[in-house]
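Here's a quick briefing to read alongside the coordinates. It goes topic by topic, so feel free to jump around.

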Amino acid sequence: MSYITMMPTHGRATRGRCSIATKACERVAVTQKEIRDLDVRQVRRVAVELEGKEGASVREAAVGFDIDYPREPGDPRELCEIPEVRMWYLRLDGEFPWLPVTLDWKQGELARYAAMCVPNQVSREEGIVYNPEALELWVTQKMFLLWPWLVERGFEKPEQVLRDMAKMFGYDIHEEFFKTTRRSFTDQ
């Protein structure tokens with residue numbers, strides 16, 4: 001049984017309406033040296049602060065990244081097409097798998113984060129076009145990782161946070177997913 005349904009966007013990044021409002025934005029400047037060294041210490045400092053918060057205050061942080069990665073003149077690549085930048089984001093995702101919840105979704109940080117972690121192609125006409133199977137796996141994995149994290153942090157509506165996140169990528173999460181997930185966590 002499939003708990004996640006693709007909406008008609010078919011892998012394109014979409015700007016979905018999100019029921020969670022963001023207030024303040026926490027920008028993290030990332031240098032080329034930090035990217036090359038896979039150094040996530042600046043993010044770790046922000047993450048420590050966020051881990052001490054509960055519920056909606058975590059979402060309200062609205063974390064974003066200012067990536068300073070100079071390219072040669074004439075280099076047409078987007079940041080998500082640069083292997084070193086993608087590797088830094090994968091390192092980040094490995095250490096802080098809950099970070100997507102804290103990103104500034106309205107400013108495109110969630111879509112950029114996913115573009116760094118999920119195979120995609122950049123099209124001048126369509127923007128970022130994710131590999132549909134890879135995106136579905138990534139979104140599903142995030143649902144399983146984030147469910148207990150959201151519950152532990154006292155989010156009032158963890159289902160809505162997950163639905164909003166999935167909707168940003170054109171997916172709908174069925175209620176059966178939440179019933180099954182609830183059961184699996186309460187049976188332990």
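For burial, the cut-offs are these: a residue counts as buried under 20% relative accessible area and as exposed over 50%. Keep in mind that this is a predicted model. With that in hand, we can start with one helix and work out to the core, the rings, the charges and the strands.

**Helix α2 and its two sides**

- Which residues of helix α2 are buried? In this helix, which spans residues 41-51, they are V43, V46, A47 and L50.
- Those four sit on the same side of α2, because the arc they cover around the axis is only 105°.
- Flip to the other side of α2 and you find R41, R45, V48 and E49, which are exposed.
- Several elements help cover the buried residues of α2, including β2 (26-30), α3 (56-59), β3 (63-67), α4 (83-95) and α5 (99-102).

**V28, a closer look at β2**

- V28 belongs to strand β2. Its relative accessible area is 3%, so V28 counts as buried.
- V28 and V43 are 15 residues apart along the chain, yet their C-alpha atoms are separated by 6.9 Å.
- Beyond its neighbours within four places in sequence, V28 is in contact with Q42, V43, V46, V63, G64, F65 and D66. Two of those, V43 and V46, are among the buried residues of α2.

**The nonpolar core**

- The largest nonpolar core has 54 residues, and the ones with the most contacts inside it are F65, W88, L92, W138 and F169.
- Which helix gives this core its largest share? That's α7 (residues 132-152), with 8 residues.
- Take W138: setting aside neighbours within four places in sequence, W138 is in contact with D93, P100, L110, Y113, A114, C117, V118, M165 and F169.

**Aromatic rings**

- There are 13 aromatic pairs in the structure.
- W98 and W149 make a stacked one, at 5.0 Å centre to centre with 5° between the planes.
- W98 is in the loop between α4 and α5 while W149 is in helix α7, so this pair ties together parts that are 51 residues apart in sequence.
- Both partners are under the 20% cut-off: W98 has a relative accessible area of 6% and is buried, and W149, at 8%, counts as buried too.
- F177 and F178 give you an edge-to-face pair, with 5.3 Å between centres and 80° between the planes. F177 is buried, and F178 is as well.
- Ring pairs also link F65, W88, Y89, Y113, Y130, W138 and F169 into a cluster. Among these, F65, W88, W138 and F169 also appear in the list of residues with the most contacts inside the largest core.

**Salt bridges**

- Side chains of opposite charge can pair when their charged atoms come close.
- How many salt bridges turn up across the whole structure? The search finds 12.
- K142 and D93 form one, with their closest N and O atoms 2.6 Å apart. This pair links distant parts of the chain, with K142 in helix α7 and D93 in helix α4, 49 residues apart.
- Are K142 and D93 buried or exposed? K142 is buried at 1% relative accessible area, and D93 counts as buried at 11%.
- D93 is also one of the contacts of W138.
- R41 forms a salt bridge with D39, and their closest N and O atoms are 2.7 Å apart. D39 counts as buried at 15% relative accessibility, whereas R41 is one of the exposed residues of α2.
- E152 and R153 meet through their side chains in a salt bridge, at 3.7 Å from N to O. E152 is exposed, with a relative accessible area of 62%, while R153 is buried at 14%.
- Salt bridges with shared partners join R27, D66, E109 and R112 into one network. D66 is among the contacts of V28, too.

**Strands β4 and β5**

- Strands β4 (residues 120-123) and β5 (residues 127-130) run antiparallel and are joined by 4 bridges.
- A hairpin of 3 residues takes the chain from β4 to β5.
- Which residue of β5 is the bridge partner of N120? It's Y130, and Y130 is also part of the ring cluster.

How values were computed
Residues are numbered from 1 along each chain as its sequence is written. This is a predicted model: local features need pLDDT of at least 70, side-chain atom pairs count only at pLDDT 80 or more; totals for chains, interfaces and linings use all residues. Side-chain values use heavy atoms; hydrogens and water are left out. Buried means under 20% relative accessible area, exposed over 50%, partly exposed in between (1.4 Å probe, protein chains only). Helices (H or I, at least four residues) and strands (E, at least two) are DSSP runs, numbered from the N terminus. The arc is that of the directions from the helix axis to the C-beta atoms. Contact means heavy atoms within 4.5 Å. A nonpolar core is a set of buried Ala, Val, Leu, Ile, Met, Phe, Trp, Tyr and Cys residues joined through side-chain atoms within 4.5 Å. Rings of Phe, Tyr and Trp (its six-membered ring) pair if their centres lie within 6.5 Å; planes under 30 degrees apart count as stacked, over 60 as edge-to-face and the rest as tilted. A salt bridge is a side-chain nitrogen of Lys or Arg within 4 Å of a carboxyl oxygen of Asp or Glu. Two strands pair if DSSP finds at least two bridges between them.
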